[in-house]
Amino acid sequence: MADASLAYRYPLAPFYDVVMTPPSPAPSSLRTLKDRIATGLITAAGIGVLLAILAIGVFLVWETLPLLTHFDTLSLEKLSPLAWGTLKAAIAALVLAVPVALGAAIFSALFMTDRLRARIKPSLELMEAVPGVVIGFVAGLVLAPWVERHLASTLALLLWLPLSAGLAGILWHLAPKALRRALSLESAGLWLLPWIAATAALVLWAAPILEQQWLGSDLATFLDRRFGIDYTTRNTLIVGLAMGFAIIPSVYSLAEDALYDIPKPLMEGAQALGASRWQALWKVALPMAGPGIFSAVMIGAGRAVGETMIVLMASSNAALMSASPFEGLRSFSAAIAIELPEAPPDSQTYHLLILAALVLFLFTFLVNTLAEVVRQRLRRRYQRLGGA
Amino acid sequence: MSRTSHRRRWPGDALWAWLCAGCVALSLFMLATLLTLLTVKGLGHFWPATLEELTLRSGEQMIGQPLREAPMPTGSATERLYFTGNRELTGADWRWVGVDEIVSAATPADVIRLERSPWGDFIGRLIALELDGERLTGDSAFDRISQLLALPPSERSGELVLLSPSGRGLVQPLSGVNTFVAPNALSIGEKTAIWGQGVWRFLSEGPRAANTGGGVWPAIFGTLLMVILMSVIVTPFGVLAAVYLNEIAHQNRLTRLVRIGVRNLAGVPSIVYGVFGLGVFVYGVGGSLDQWFFDDALPSPTFGTGGLLWASLTLALLTLPVVIVATEEGLARIPDAQREGAVALGATRLEMLTRIVLPMATPAMLTGVILAVARAAGEVAPLMLVGVAKLAPQMPLDAEFPYLHLERKFMHLGYHLFDSAFHGDDVEAAIPLVYATALLLVLIVLVLNLTAIFLRHYLRRQRGES
């Protein structure tokens, strides 16, 4: 059949045999055998690896099954503070990290020159490489005692940072033209660094003085005396700050990709029709890249829920059901890390902790899948619109 | 264009851009602060600090290294923390002194600092060196001591006659002395040399005195060995799985789903892998191995407890998605024409893979393995479940048959950091070394990541030009 079609397409084909050797000799049986075996091995290994990955889910479900026979209220009582702690830590981290990450993403995707962006983006993504145990150590042993002594300064700093950036903008608009050209908005991400350091130092200097004048004591004592709010050294605020630092890079990186890949003609068209950059961002860029930003936040949430060392080291690990940001918490992951090595296999605690691991697994897996699907759709939409 | 429009719509419209710029600056600021903190504290610890001799208002004399100041709990006065050493004489290594209690402070050149075991540091003065009935003083004693300290501890003879700041004499055998410096008499060059020696000892020695002294060599070694074992496991399997997914499997809906699934596994919390490792490798496989081969040692487990092998396997599983994703990216970038050309010239699929496709994808694989190693080096949570130890008495690699002891527990930099920072007896004394460990860990991980970034960048440029 093949020969016949060849003869039809190349009428002279039979003569090649005479004139020259055929360009591709038929594979010898040994080579075919080798190929068959190798293909089989690769297939086996590939499927084996995929099965091993699947085994994680199967194992977790299998080990949780014994709980079905005697799941009592006691188990629920043990798990609910952990679930709350996990949620609380993740929410604290997201509240602190998402605005910063999205702001940074918007700036580097829409304002920076490509040259600068090529430097800044990898540096920010390197933040992700800092191991959790190092962040946890700095948060638990350096940041936490400092914040305890300077609670008012910390809160003032959190409020002041956005204000100081705005103030920089106002001053910039009032500045003479030469200065404005030297310090362009495009490179503001860099030259605002010393400005932030300087104004932060100013707040750190002023806050204790104001605190003494207005409250007569430091804020932690004041809160305790006036409102009866306890302050634990390693608390949710610290966890939020530390884990916020850890998830900023992943949220930033994905959101920045989504914003940067918006087809350029869309933004240019909007601005050509008279929209300001703000309007172009709000009416065109954000709705376009919305799904991408959503998936970035989801990935951040997945990371925050599962992070172990930071929560373990930066929180008091007391299983509490309180909403106060100044009290500690204990998350699923920290509970697993602390209790599982001690729990004998086949005990109730062992199965409960594996249930906690299953919850973490399912949650992160679902969230990531959702994010990935959304991201792929977005990529297809951009391609349809003729973008990158 | 933007400048004029900014001015016209001033002020509300332009402000948000500044907020976003502030976010970039803030992120960079935090990263820079963290790295600076670790560098300064981590490397500063090894610098021979100046010792101050104080005369207090009560007439008492003391010598110490000033560390930091803090306001007194009551009133506006401040107090200063000194490291004074001499634990066996004063009962503590640290002392808070009110700043207004200090009558005079000086930095005499003859003050010395010893690091010894047991009892930690001694700070005071040297009276003489007693050696074979001889009594050396002054410079000749200093020279002789530095000669003797170069010998291993067991071969040293002689005793130091010391004078504590409060005027008590004591005798210290040279065999228990680790370092001997007179920091106030040193020039900058000598201090740098001592600093270098300190850094080297940190990298090359084992921990001493409950992690408050010595170095982290066993932890570096354990981390390295585990990471190497892990790469040996993860590289072939990761590459094979990627080749299967990209080159052999039919590209249909199922393959796409599997691909998304693998990608998402990279986002599953590491502790979940630890739970899997504990349940399946340690209790499951390890427990069975014990019953079959090591039942004479039961009930004390051999493989049925955490160890090097299980830790490497767990981390290999954890980093598998990283290698698969990176390799697949590399494979997908190879133009189909290359594959078709090879097959058209008569190569079998195996020959096409090994001679054309895999060599072209090698840099991508390497990137994946480097990223996997970087991730594994920084990961601590799963190791806490499957085999890390706070202080491993035996190295997992030694001269005893079978040389590589896969069942032994091992030390790991990240866990060492966690343990000495949170579970030590004297956390204050351990903190400087914890900073140094943290710096080392961050440096290792950052260098690995940078290598991967440059490799990938180089790869893209090469592809783009050709």
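These legends walk through several views of a predicted model.

**View 1. Chain A as a whole is built from helices, with 16 of them and 0 strands.** Start here to get your bearings. Along the principal axes, the C-alpha atoms of chain A fill a box of roughly 105 × 70 × 30 Å. The radius of gyration of chain A is 29 Å, whereas a compact globule of 388 residues would have one near 21 Å. Buried residues account for 40% of the 388 residues in chain A. Take the contacts in chain A between residues at least 6 apart in sequence: 81% of them link residues at least 24 apart.

**View 2. The largest nonpolar core holds 206 residues.** The members that touch the most other members are A:Ala101, A:Ala139, A:Ala242, A:Val251, A:Ala255, A:Ile310 and A:Ala357. Helix H4 of chain A, spanning residues 73-110, gives the most to this core, with 17 residues. Another core lies apart from it and has 18 residues, including B:Leu54, B:Ile63, B:Ile112 and B:Ile145.

**View 3. Here we zoom in on A:Ala255 and the residues it is in contact with.** Leave aside the neighbours within four places in sequence, and you'll find A:Ala255 in contact with A:Ala101, A:Leu102 and A:Ala105. A:Gly292, A:Ile293 and A:Ala296 are also in contact with A:Ala255.

**View 4. This is where chain A meets chain B, with 84 residues of chain A in contact with 79 residues of chain B.** On the chain A side, helix H3 (residues 29-69) gives the most, with 17 residues. Sorted by class, that side of chain A has 57 nonpolar, 20 polar and 7 charged residues.

Notes:
Residues are numbered from 1 along each chain as its sequence is written. Chains are lettered from A and ligands numbered from 1 in the order in which they are written. This is a predicted model: local features need pLDDT of at least 70, side-chain atom pairs count only at pLDDT 80 or more; totals for chains, interfaces and linings use all residues. A nonpolar core is a set of buried Ala, Val, Leu, Ile, Met, Phe, Trp, Tyr and Cys residues joined through C-beta atoms within 7 Å. A residue is buried if 20 or more other C-beta atoms lie within 10 Å of its own, exposed if 12 or fewer, and partly exposed in between; C-beta atoms are placed from the backbone. Helices (H or I, at least four residues) and strands (E, at least two) are DSSP runs, numbered from the N terminus. Two residues are in contact if their C-beta atoms, placed from the backbone, lie within 7 Å. Ala, Val, Leu, Ile, Met, Phe, Trp, Tyr, Cys and Pro count as nonpolar, Asp, Glu, Lys and Arg as charged, and the others, Gly among them, as polar. The radius of gyration is taken over C-alpha atoms; the globule rule is 2.2 Å times the number of residues to the power 0.38.
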